[in-house]
Each structure stands twice: as structure tokens, then as C-alpha cells.
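Trainee: Could you take me through one part of this model in some detail? I would love a close look at a salt bridge and its surroundings.

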Amino acid sequence: MKLYFPVPQDADGVLLRNFLRQCAVSTELGRAVKFHGSGFFADGAPILANRRLTAGQTVSFELPADGESVAPQPEIPVQVVYEDAFALLLEKPPRLAVHPTLNYPLDTLANGYAAWAQTRGGSGVFRPINRIDKDTSGLVLAAQNSYAAPLLAQRVEKLYYAIVEGELPLGPGVIDAPIGRQEGSIIGRCVTPQGKPSRTEYTILKAEHGLSLAACVPVTGRTHQIRVHFASIGHPLAGDDLYGGSRERIGRQALHCARQTFAVPEHRSLPGGVEIAVPLRWKSVTVESPLPEDMRELLGRKT
């Protein structure tokens, strides 16, 4: 894909390298275009980074070729709930890892995405902006290309629904406690003075039959943050046996990424590319995902 950036009047005489920074082209991407791609162009003519631009020109470059993707697996369904030139939102079911790991080398969301993207002529390289746990369901945001990835990561907010054990008071609350690794565990985390600052803001929406439904905003993004924080106050997530929850009523941690809000640059599609407004103007996107069936059923049970 090729990106186009019209040079505005206030960028007249600016060095290309400085203009690229104004366009949020990362240093890493700039180097890749220069050394591994076809270079930069102004009105179709090659231009070096130390040359000055003229208002009215259009700077363009081709995104470098992606590397190898994970093994494509078309049998893994991919549900796309939002797509534009920069961002892709996928609905992940529970019991599906986001990306291959030592324990899950295949049968992941990334493998399904690779097959889906390749049928559309894409490289299949998966760039998740956020990774949710294997048994957590909900929205996963991914970047469509190497330009978009750092931009999306800077401007994303997430809301989760969690069903926790015990009946907490209705209304807002905060858990502000540092999280670090559990001693002797590769996977487990815990609240510890030696951990990193961690803050979860939540609102208890419903509390009955020994359970509470919490809408959670992880202000920080620590591994297992919501799970660890609620366990630390004596209310582990239902089904979360890693942190003391019972699987008697649900077979996985009752956690769902229900909403994501992110920003993409305003742009218009051109044949084979995208033109991006300069200076960058941001479009806010919010996508919501309903509570999955197993969590709805859990809330409806009286015993």
C-alpha cells in the first residue's frame, strides 16, 4: 500500500525528515522505507530526507513488504466487526489464544487471520494492538499495516465486563495496587509492593445470587490486571481458578472485552493507496460487543 501526504502551506520549506515526523512516520518505518523499500517521493520524483519541501507537493512512499506470517488456518473462523485502512477489530471467542506461543503454536486467532487476509490479497501478518487471555472473550484491535501500529497503540481505551464472586456494593470503585510476578510461577501475577503501579476503575452494575457484574476500565495495562485486582480484594472472577475463582458455574474466567475506543487519521482511499490529511486530524471510533452467551447464562442462574 502507498501512503500520500499533501504538504500544507505551513510546512513550506520544511525538511522531508521533519515533515515525516509531523506525519507520525516512526523512525523505524522511515528507515525501512529508505533501506529496504523504494524510498520517498515528492510529486512522483525521488527525494532525500535532507531536502526541503514546497507547499502543494505530495509526499508519498510505499509501505515495505511484510515478513512471513504465521501458518494460515482457514478452519479457524474470523469475525471482523470493524475495518478501515488502518484498523481492524476482531471478535475473539473464549478458548482461543490470540497469537502462537510455546504452549499454543497453532490454532490461534492469528492463524485464522492469516488465512482470512491472504484470501483478500494481504500478507497475513497479524499486528494485534492488544492481546487478551485465551479464555477471555471479546474485541481484539489489530493494525492493518506498519504505519498504523504505533498510532493505534497510543490512542486506545478498553472497557471489560467481569463477573466476580460475591456481592459488591453497586456503583463506582477503584483498585489501585501494584502488580508483579508470582514467585515460582511463569504465568501467575499478584499484588506485591515490588510490582508495577496498576489501577483498575470499575462500576458494579448488578449484584445478586452471590455474583457481581462489573464494568472495568484498566487504566494501566498489566498482565491479568482485572483478574489479579479483584482476586486481591477477595472477589476473584467466576471461573478463574488460577486466582481462586470457582469453575462450578462457568468453565472459564468470566471476562469479556466489551468496548474499544481508538483513533485513526482522517484519510481517503486512492487506487492502491491512502491519502492522509496533514496536519493529522483524528477520527474517533467506538465499537461495542455484547456479553457472550455463557456470561449471560451465568448472570441468570440463581444457584
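**A salt bridge and its surroundings**

Mentor: Happy to! Let's start with Arg 227, which is buried, since its relative accessible area is 5% and the cut-off for buried is under 20%. Please keep in mind that this is a predicted model. The side chain of Arg 227 meets that of Asp 133 in a salt bridge, with 2.8 Å from N to O. The two partners come from distant parts of the chain, 94 residues apart: Arg 227 belongs to helix H5, while Asp 133 sits in the loop between helix H3 (109-119) and strand S7 (137-143). Asp 133 counts as partly exposed because its relative accessibility is 22%.

This pair has company, as a search of the whole structure finds 13 salt bridges. Among the others, Lys 134, Asp 135, Asp 241 and Arg 247 are linked in a network.

Now follow the chain on from helix H5. The loop between H5 (225-232) and strand S14 (255-265) holds Leu 242, which counts as partly exposed because its relative accessibility is 39%. Together with Ile 186 and Ile 187, Leu 242 forms a nonpolar patch on the surface, and the three share about 320 Å² of accessible area.

Beyond that loop, strand S14 is part of what covers the buried residues of helix H6, along with strands S8 (156-165), S12 (199-208) and S13 (211-218). Those buried residues of H6 (residues 293-300) are Met 295, Leu 298 and Leu 299. They fall within an arc of 95 degrees when seen down the axis of H6, so they line one face of the helix. Exposed residues Glu 293 and Gly 300 are on the face of H6 turned away from its buried side.

Notes: Residues are numbered from 1 along each chain as its sequence is written. This is a predicted model: local features need pLDDT of at least 70, side-chain atom pairs count only at pLDDT 80 or more; totals for chains, interfaces and linings use all residues. Side-chain values use heavy atoms; hydrogens and water are left out. Patches are made of residues with over 30% relative accessible area and no salt bridge: like charges are joined within 9 Å, nonpolar side chains (Val, Leu, Ile, Met, Phe, Trp, Tyr) within 5 Å. Accessible areas come from the Shrake-Rupley method with a 1.4 Å probe; for residues, only the protein chains shown count as cover. A salt bridge is a side-chain nitrogen of Lys or Arg within 4 Å of a carboxyl oxygen of Asp or Glu. Helices (H or I, at least four residues) and strands (E, at least two) are DSSP runs, numbered from the N terminus. Buried means under 20% relative accessible area, exposed over 50%, partly exposed in between (1.4 Å probe, protein chains only). The arc is that of the directions from the helix axis to the C-beta atoms. Contact means heavy atoms within 4.5 Å.
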